[in-house]
Structure formats: structure tokens, C-alpha cells
Amino acid sequence: MKLYFAPGSCGLATQIALREAGLAFDLVKVDFRTKTTVEGDYYQVTPKGFIPALMLDDGDVLTEGAVILQWIADHHPESGMLPPAGSRERYTAMEWLNYIATDLHKGMAVLFSPFVDKTSKAHFAEGNLASKFEHIEERLSTREFVLGPKFSSVDAYLYNVLSWPGRVNVDISGYAAIQRFMARVGDIPSVRAAQEAEGRAAG
């Protein structure tokens, strides 16, 4: 398999899940500005031009991070990265994956936009993102991970997105449960390995 990614972006969660599942894959770095890779035009991999994209062994390509995370869990259930399909717990996991993707991830993306001025970004962070952080803080205040005592793909995705605020001058240091969560997840071997791999690619 091939995982198409860009260092520091939303491909980290997929890489973590692949490592947790014990799967072999190659990392292919995407230049997000030019939409190219060492292989050529990234649009030939996915016409969306977004990351991550996972090319399967048969050449088929999956896109949308939250969907790729579910594919990994369903095709490698022994990894335990998500609750079994059809279970009530799985729908809770899907609820969180969708929340992270549509509310938190998309909300953070606004702060990276070169077309939004600093004042507007500050107002957006205070008026829109603060409520998201508070919701997550409340959830994590009573459990080690989002779904309970066990690390899952939901945590990988949340960790990925919550690593961005410092890069756009959003201070989340006051959320104690979030800070504990970030430290806890950051110590997981698959997470450390994924970050090291991204660091090598970025260098």
C-alpha cells in the first residue's frame, strides 16, 4: 500500500492507524502547493487533490481520512482500532470521527487560510472553536481516551487535529484534560514512529 501525505497535515492519523494495525505501507510525500509527488501529478492519484489518500494493494484508492480509518479497522479488526461494525459503540465512534472531521478539522482549516485576516481568525477561534475545545475537554475529563480506556482511531484523528492550534496561535494550554490526552497519546509507540517518519520526510 501507499499512503500519500504531507508532513504536519491530516495524514498523520492514517499513518498511526496503519502502524497500529501492523500493516506494511510506503509513504509518498505530496507537495501540497504544486500537487506533485516524486511519482508525478498527484491529481492522477486522486482528482480531489487532497490528502490523505491510501492506495491499496490492488491499485484502488481510498480518500477522506475518517473513511480510511474505518477501512483499516474493518479490514484488520484484530487491531481493535474501532469497535465492531454494527455495534452501538461503533456508532459512537463514527459520531466522533464525523465531529472531528466536520467541526474541528474544518474549523481549524480556516485558521490556515491566507485569505482570512488575523482579526477575523481570532474572532473565529474565540467564537467558534472555543466551544469545540470545551466539548472535547468535558469528554476527556472522565476518560483516558475518547471512547474509554483504550486507544482508537478516533484518538489518532483527534490528536492529529489538536496538534495544530499552536501553529496558528490558538492557545489551548488551559484545557487540562486535553493537555493530558496529548501527552498520553504522544507517548504511544505508533504515534512516535509516525511523527518521526513525517519529520524525516519533511527534512
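Two strands are said to pair if DSSP finds at least two bridges between them, and the exercises below use the term in that sense for this predicted model.

**Exercise 1.** Work out in which order the four strands of the open sheet are arranged, and which strands are at the edges.

*Solution.* Begin with the order of the strands, which is 2-1-5-6 in an open sheet whose pairing is mixed. Next, look for strands that pair on one side only: these are strand 2 (26–29) and strand 6 (61–63), the edge strands. From one strand to the next, the twist averages 20°. Finally, take one pair in detail: strand 1 (residues 2–5) and strand 5 (residues 53–55) run in the antiparallel sense and are joined over three bridges, with Tyr4 standing opposite Ala53 of strand 5.

**Exercise 2.** Describe how helix 2 is placed against the sheet, and decide whether helix 2 is mostly covered or mostly uncovered.

*Solution.* First locate helix 2 (residues 65–75), which lies across strand 5 and strand 6 and runs at about 125° to strand 6. Then count the residues that are buried, that is, under 20% relative accessible area: eight of the eleven residues in helix 2 pass this test, so that the helix is mostly covered. Among them are Ile68, Leu69, Trp71 and Ile72. As a last step, ask what covers them: the buried residues of helix 2 pack against helix 1, strand 5, strand 6, helix 3 and helix 5.

**Exercise 3.** Find which residues of the largest nonpolar core touch the most other members, and which helix supplies the largest share.

*Solution.* Keep in mind that in soluble globular proteins nonpolar side chains tend to be buried together. Here the largest core has 60 residues, and those touching the most other members are Phe133, Ile136, Phe151, Tyr157, Leu158 and Ile178. Each of seven helices, from helix 1 (12–20) to helix 7 (189–202), supplies at least two residues, while helix 3 gives the largest share, with nine. To see one member closely, take Leu158, which, leaving aside neighbours within four places in sequence, is in contact with Ile100, Leu104, Ile136, Leu140, Val146 and Phe181. Apart from this core lies another, of eight residues, including Tyr4, Val28, Tyr42 and Ile51.

**Exercise 4.** Explain why the buried residues of helix 6 are on the same side of that helix.

*Solution.* List the buried residues first: Ala177, Ile178, Phe181, Met182, Val185 and Gly186. These residues cover an arc of only 160° around the axis, and therefore they are on the same side of helix 6. As a general rule, an α-helix has 3.6 residues a turn, so residues three or four places apart point the same way.

Methods. Residues numbered from 1 in each chain as written. Predicted model: local features only at pLDDT ≥ 70, side-chain atom pairs only at ≥ 80, totals over all residues. Heavy atoms only, no water. Axes fitted to C-alpha atoms, helices over the stretch in contact; angles between N-to-C directions. Contact = heavy atoms within 4.5 Å. Core = buried A, V, L, I, M, F, W, Y, C linked by side-chain atoms within 4.5 Å. Buried < 20%, exposed > 50% of the residue type's maximum accessible area, 1.4 Å probe, protein only. Arc of directions from axis to C-beta.
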